[in-house]
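Work through the exercises below with the sequence and the model open. Try each task before you read its solution.

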Amino acid sequence: MKKARIAVVGAGGIGAAAHLPAITALPEHAELVGIVDLDDARRAEAGERFATDKLYSDLAVMMEEQHPDIVVLATPPHTHEPLAIQVMRAGAWVFCEKPMTGSLASVDRIAAVEAETGQACVTVSQFRYSGGARQVRDKLRSGEWGSVLTGYANTSWYRGPEYWETSWRGKFATEFAGATTTQAHHAIDLLLWLMGDWSSVAGFADTLDRPIEVEDASTAVVRFAGGGMATLLSQVLSHQQETRVQVTAQKATVDLETLYMPLMDEWTVRQIGGEGQSQVVEDWAQPEGEKQAHREQLANILAHWREGERPELMVAEARATIEFLTALYKSAATGALVQRGEIVAGDPFYDAIDAGGSARAEGKK
């Protein structure tokens, strides 16, 4: 079986915690051919831990020497666009951490290079590949549970002031936005994926407590093209840490209660029984083996790569979530309902995901 040659850019944080382990856990399908990191000690530590001497401080040199098929970008958000473009023009697919980038203008530039080169830029959206998620989506899309009516996604995490000591965190120039885009990204993306195309959003975003520029909390109300409605709460202030997603259809309510990595047994499906009582549905899903979500998404990408197919979650598909987040921030800044499709070139929010954030932060001083 042909193996994909994979390199990772960024050996700290999520690179070491999730992406490098995912590659090395798929030895029949993937070969780690390079680790790129500017930090000498971090690079050396990763090389020792993941048993490779193919260590680089320069992406271009690694690309020239190793010719990888896929490059994982596990670097700070402000580096994603230039690195993704560099990798695609050098002849490889990109598997990019979220957020893919910091504006719709940037998304469209990446999409243009994706089309120009014939390569692919896939966004990390591991909640879609976590335990049970595909089966829930398939049930909802099949109509077995009837029309989708309501939902919510609540990301209630805690990040203390020390979290923001890392130089690029909490700043518009390097992180682009806060809790909504960074910590709550996966829960929001999952809800949108389950409920279908969103059509409008009204929201609030603010920095309530943390010593940062970007928001530490937001709320929103969403309307979907199919008629459904949902609410969002995204925060890094909660002392009760949890991620909760719920979708209610005509014949069932589906709940996910998790934190960082959903598992099959964290989903619950309920229906109203003959006596009007809520009851848990035990046989709604097929058994699944243990799933590690980053590994599952990588395996999905590799399956498409081996077959010569375009992968899931290329730029056009991932754009919908970036557009949604941008619309939420625009609503927070303007106090108006924002419709899907209204943010175009010439709108300041086309050029920055949270174009109103700097004024909001300045007003806090």
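Buried means under 20% relative accessible area, exposed means over 50%, and partly exposed lies in between. The model is predicted. Keep both points in mind throughout.

**Exercise 1. A salt-bridge network**

Task: Find the salt-bridge partners D197 and E323 of R340, and classify each residue by accessibility.

Solution.

Step 1. Apply the distance cut-off. A salt bridge needs a side-chain nitrogen of Lys or Arg within 4 Å of a carboxyl oxygen of Asp or Glu. R340 and D197 meet at 3.9 Å, N to O, so the pair passes.

Step 2. Locate the pair. R340 lies in the loop between β15 (338-339) and α11 (348-351), and D197 in the loop between α8 (185-195) and β8. The pair therefore ties together parts that are 143 residues apart in sequence.

Step 3. Take the other partner. R340 also forms a salt bridge with E323, with the closest N and O atoms 3.7 Å apart. E323 is in helix α10, and this pair spans 17 residues.

Step 4. Classify. D197 has 55% relative accessibility, so it counts as exposed. R340 has 32%, so it counts as partly exposed. E323 has 8%, so it counts as buried.

Step 5. Widen the view. D108, D197, R319, E323 and R340 are linked in a network of salt bridges. The structure holds 20 salt bridges.

**Exercise 2. A separate ion pair**

Task: For the salt bridge between K139 and E144, decide whether each residue is buried or partly exposed.

Solution.

Step 1. Recall the principle. Side chains of opposite charge can pair when their charged atoms come close.

Step 2. Check the distance. The closest N and O atoms of K139 and E144 are 3.2 Å apart.

Step 3. Read the accessibilities. K139 has 18% relative accessibility, so it counts as buried. E144 has a relative accessible area of 44%, so it is partly exposed.

**Exercise 3. Aromatic pairs and charges over a ring**

Task: Work out the geometry of the aromatic pairs Y163 with W164 and W198 with F324.

Solution.

Step 1. Set the criterion. Ring centres must lie within 6.5 Å, and planes over 60 degrees apart count as edge-to-face. By this rule the count comes to four aromatic pairs.

Step 2. Test one pair. The rings of Y163 and W164 are 4.7 Å apart, centre to centre, with 90° between the planes, which means edge-to-face. W164 has 9% relative accessibility, so it counts as buried.

Step 3. Test the other. W198 and F324 are 5.3 Å apart, centre to centre, with 80° between the planes, and this pair is also edge-to-face. W198 lies in strand β8 (residues 198-206) and F324 in helix α10 (residues 315-334), so the pair ties together parts that are 126 residues apart in sequence. Both W198 and F324 are buried.

Step 4. Return to Y163. The charged end of R169 sits over its ring, 3.9 Å from the centre. R159 lies over the face of Y163 too, at 5.3 Å from the ring centre.

**Exercise 4. The two faces of a helix**

Task: Which residues of α3 are buried, and where do they fall around the axis?

Solution.

Step 1. List them. In α3 (residues 59-66), the buried residues are L59, M62, M63 and Q66.

Step 2. Look down the axis. The buried residues of α3 fall within an arc of 100°, so they line one face of the helix. An α-helix has 3.6 residues a turn, so residues three or four places apart point the same way.

Step 3. Turn to the other side. The face of α3 turned away from its buried side carries the exposed residues E64 and E65.

Step 4. Find what the buried face meets. Its residues pack against β1 (4-9), β2 (30-36), β3 (55-56), β4 (70-73) and α4 (80-89).

Step 5. Inspect the ends. D58 caps the N-terminal end of α3, with a side-chain oxygen 2.8 Å from the backbone nitrogen of A60. Just after α3, H67 takes a positive phi of about 45°.

**Exercise 5. Two buried polar residues**

Task: What surrounds T207 and N300?

Solution.

Step 1. Place T207. T207 lies in the loop between β8 and β9 (217-224). Its relative accessible area is 9%, so T207 is buried.

Step 2. Give its surroundings. A polar side-chain atom of T207 lies 2.9 Å from the backbone oxygen of V214. Beyond four places in sequence, T207 touches residues including I212, V214, R360 and K364.

Step 3. Repeat for N300. N300 lies in helix α9 (residues 293-306). With a relative accessible area of 17%, N300 is buried. Leaving aside neighbours within four places in sequence, N300 is in contact with Y129, R134 and E312.

Notes
Residues are numbered from 1 along each chain as its sequence is written. This is a predicted model: local features need pLDDT of at least 70, side-chain atom pairs count only at pLDDT 80 or more; totals for chains, interfaces and linings use all residues. Side-chain values use heavy atoms; hydrogens and water are left out. Rings of Phe, Tyr and Trp (its six-membered ring) pair if their centres lie within 6.5 Å; planes under 30 degrees apart count as stacked, over 60 as edge-to-face and the rest as tilted. Buried means under 20% relative accessible area, exposed over 50%, partly exposed in between (1.4 Å probe, protein chains only). Helices (H or I, at least four residues) and strands (E, at least two) are DSSP runs, numbered from the N terminus. A charge sits over a ring if NZ of Lys or CZ of Arg is within 6 Å of the ring centre and within 35 degrees of the ring normal. The arc is that of the directions from the helix axis to the C-beta atoms. Contact means heavy atoms within 4.5 Å. A polar contact is a pair of N or O atoms within 3.5 Å; within protein, one must be able to donate a hydrogen and the other to accept it, and residues adjacent in sequence count only if both atoms are side-chain atoms.
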